[in-house]
Amino acid sequence: MNKQRDKDELKPLQKQLALIHQAMGRQGKSAVIVFEGQDAAGKGGVIRRLGWCLDPRWLSVWPIAAPDLREQRQHWLQRFWQRLPEQGRWAVFDRSWYGRVLVERVEGFAEPDAWQRAYREINEFEQAITAEHVQLVKIWLDISADTQLERFEARFRDPAKQWKLTPEDLRNRNRWPEYQAARDDLLEHTHHKAAPWFRVDANNKHQARMSCFRLLIEELGKGLDTTPPGPSEEIRRFFHPEHHDSHPTA
């Protein structure tokens, strides 16, 4: 019953966001949506509910993992440039270029001068995106250490979800203070007018999903005309009664 209630509460927001998605597609406007947060913060759950209501022809979802061998030989931002959306489409990132100043920083995969320089590179990258009239929305889903542990335990107990729990999740949890410090630094250094950060309390999954949808509706719907265009004159004439009166019948 609770799950059905949650679906019913979310449904009108999904419908409203779908109208925005369609309007932006018709008008050739693009969007990039970034989801970051601790392991088990609920990024995948929000993204699935986005995918359920949006037109897949105008949507790309990019789950970002460690770069492969080919990507390691390129500039570290190149793989993100390549995933930016075409005109009129949306791209959703499940983790993003912020891995440079999070996991690569904490785990030592990037040298200090590299991840420190990345703050400037990230800001320039995002300013370049938004200068091309791409709307960029960055959402950080925040959970407490206790909530994360509860969700890890729930995954461990559920055979259908055990695959979602990885040894890396547990190792990252052991470095919780370091990841929190990295989060605080990135929020401070990459929160700017062109692409501000929005923090969402994700300790309650349903409320977090509702908050994300409301936020996307507000940000992407600013100044947008969502009124569907009427049919063309040719289509109107086809469906006019006089047309049918003179149309040959089988």
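**Close-ups of a predicted model: pocket, cavity and sheet**

**View 1. The second largest pocket, with about 220 Å³ of space in it.** Like everything shown here, this pocket comes from a predicted model. The lining counts 14 residues, and the ones closest to the pocket centre are Val134, Gln135, Leu136, Glu219 and Lys222. Which strand gives the largest share of the lining? That's E4, with four residues. If you're sorting the wall by chemistry, expect six nonpolar, four polar and four charged residues.

**View 2. The one cavity of 30 Å³ or more that a search of the whole structure turns up.** Inside this largest cavity there's about 40 Å³ of space. Its lining is made up of Ala41, Gly42, Val46, Leu141, Arg151, Ala202, Lys205, Ala208 and Arg209. Helix H10 (residues 205-220) supplies the largest share, three residues. As for character, five lining residues are nonpolar, one is polar and three are charged.

**View 3. An open sheet of five strands.** Read across the sheet and the order goes E2-E3-E1-E4-E5, with parallel pairing. Strand E2 (59-63) and strand E5 (197-201) sit at the edges, so to speak, each pairing on one side only. On average, neighbouring strands are turned by 20° against each other, ignoring direction. A quick reminder for this view: strands of a sheet pair through backbone hydrogen bonds, in either a parallel or an antiparallel way.

**View 4. Zooming in on strands E1 and E3, which run parallel.** How many bridges join strand E1 (residues 30-37) to strand E3 (residues 90-94)? Five bridges do the job. For a handy landmark, look for valine 34, which stands opposite phenylalanine 93 in E3.

**View 5. Helix H2 lying across four strands of the model, E1, E2, E3 and E4.** This helix covers residues 43-53, and strand E4 covers 134-142. Relative to E1, helix H2 runs at about 155°. Val46, a residue within the span of the helix, also turns up in the lining of the largest cavity from View 2.

**View 6. Helix H9 lying across E4 and E5.** Here the helix takes in residues 176-189 and runs at about 140° to E5. Strand E5 is one of the edge strands of the sheet in View 3. Strand E4, the other strand under discussion, is also crossed by helix H2, and gives four residues to the lining of the second largest pocket in View 1.

Note on methods: Residues numbered from 1 in each chain as written. Predicted model: local features only at pLDDT ≥ 70, side-chain atom pairs only at ≥ 80, totals over all residues. Heavy atoms only, no water. Pairing = 2+ DSSP bridges. Axes fitted to C-alpha atoms, helices over the stretch in contact; angles between N-to-C directions. Contact = heavy atoms within 4.5 Å. 1 Å grid on protein atoms, 1.4 Å probe; cavity = no way out; pocket = protein on both sides within 12 Å on 5 of 7 lines; lining within 4 Å. Points joined across faces, edges and corners; volume = space filled by probe spheres on them. Nonpolar A, V, L, I, M, F, W, Y, C, P; charged D, E, K, R; others polar.
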